[in-house]
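Welcome, and please open the structure in your viewer. We will take a short walk along it, one selection after another.

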Amino acid sequence: MAEISNVLVPTSAELVITREFNAPRALVWRAWTEPELFKKWWGPKMFTCPVAKMDVRVGGKYLWSMRGEGWGDIYTTGEFLEVVPIEKLVYTDSFSDAAGNIVSPTYYKMPSDFPEKMLVTVRLEDLGNTTKMTIQHVGVPSGEMTDATKQGWNESFDKLGDSMI
């Protein structure tokens, strides 16, 4: 795995969420790696995903957006560090502008202790007729931001589960 700097800060937390989906692992993988499927679920419940560009390979980049009323468009970008088809994705996570240039989290009114670069690991486990997904998001500031990030991920995963019915 490639080394990344400035991922962890002293106030960071490791957020881990596990979900089981009533779908085969290959479908859950496609929902993470195919833009049209990704757009169906990315972002909390009151958000849409108008932009999902991704080059899913080691060293490949992505640009995703979330659009919410009163929020406007929020963009994130990063690089895929590890790609094991239908099993594992590891990528960096940074706020960006619409062109994919990394911006300070304060650009989106995030706290000043929010790091510019975080790390996300997605693992998929085949349980037969279902898939266990475990996501690890490292670098989110502890406290209120961890709670808000956890809520956002869980609302996204609710939408992911609904999109596979």
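On this tour, helices and strands are DSSP runs, at least four residues for a helix and at least two for a strand, numbered from the N terminus. With that in hand, please select I86: its place is in the loop between β5 (72-84) and β6 (88-96). Keep in mind that this is a predicted model.

Stay on I86 for a moment. Its phi is positive, about 55°, although I86 is not a glycine. Most residues other than glycine have a negative phi. Is I86 buried, exposed or partly exposed? Its relative accessibility is 30%, so I86 counts as partly exposed.

Now select K109, which sits in the loop between β6 and β7 (118-126). Here too phi is positive, at about 65°, and K109 is not a glycine. The relative accessibility of K109 is 76%, and therefore this residue counts as exposed.

Next, select F95, in strand β6. F95 counts as buried because its relative accessibility is 10%, and the cut-off for buried is under 20%. Which residues does F95 touch, leaving aside those up to four places away in sequence? They are I74, Y75, T76, N101, I102, V103, P105, Y108, M110 and F114. Show these as sticks if you like, then add P115: it is 20 residues from F95 along the chain, and their C-alpha atoms are separated by 9.6 Å.

Move on to P50, in the loop between β2 (47-48) and β3 (52-54). At 28% relative accessibility, P50 is partly exposed. Setting aside residues up to four places away in sequence, P50 touches K39, S65, M66, R67 and D73. For a longer view, select A148 as well: P50 and A148 are 98 residues apart in sequence, and 22 Å lie between their C-alpha atoms.

From there, go to G143, found in the loop between β8 (131-141) and α3 (144-163). G143 has a relative accessible area of 42%, so it is partly exposed. Draw a distance from G143 to E87: these two are 56 residues apart along the chain, with 30 Å between their C-alpha atoms.

Now colour α3 itself. How far should the 20 residues of α3 span at 1.5 Å a residue? The expected value is 28 Å, and the end C-alpha atoms of α3 are 29 Å apart, which agrees. The buried residues of this helix are M145, T146, T149, G152, W153, E155, S156, F157, K159 and L160.

Finally, zoom out to the whole chain. You can count three helices and eight strands, and along the sequence they follow the pattern β-α-α-β-β-β-β-β-β-β-α. The C-alpha atoms fill a box of roughly 45 × 35 × 30 Å along the principal axes. A compact globule with 165 residues would have a radius of gyration near 15 Å, and the chain has 15 Å, so the two agree.

Switch to a surface view to end the tour. The chain exposes about 8,400 Å², of which carbon and sulfur atoms supply 51%. Buried residues make up 48% of the 165 residues. Colour by charge and you will find 17 positive and 22 negative side chains, with the centres of the two sets 4 Å apart.

Technical notes
Residues numbered from 1 in each chain as written. Predicted model: local features only at pLDDT ≥ 70, side-chain atom pairs only at ≥ 80, totals over all residues. Heavy atoms only, no water. Buried < 20%, exposed > 50% of the residue type's maximum accessible area, 1.4 Å probe, protein only. Expected span 1.5 Å × (residues − 1). Rg over C-alpha atoms; globule rule 2.2 N^0.38 Å. Areas by Shrake-Rupley, 256 points an atom, 1.4 Å probe, with all protein chains shown as cover. Lys, Arg positive; Asp, Glu negative; His and termini not counted. Charge placed at Lys NZ, Arg CZ, Asp CG, Glu CD. Contact = heavy atoms within 4.5 Å.
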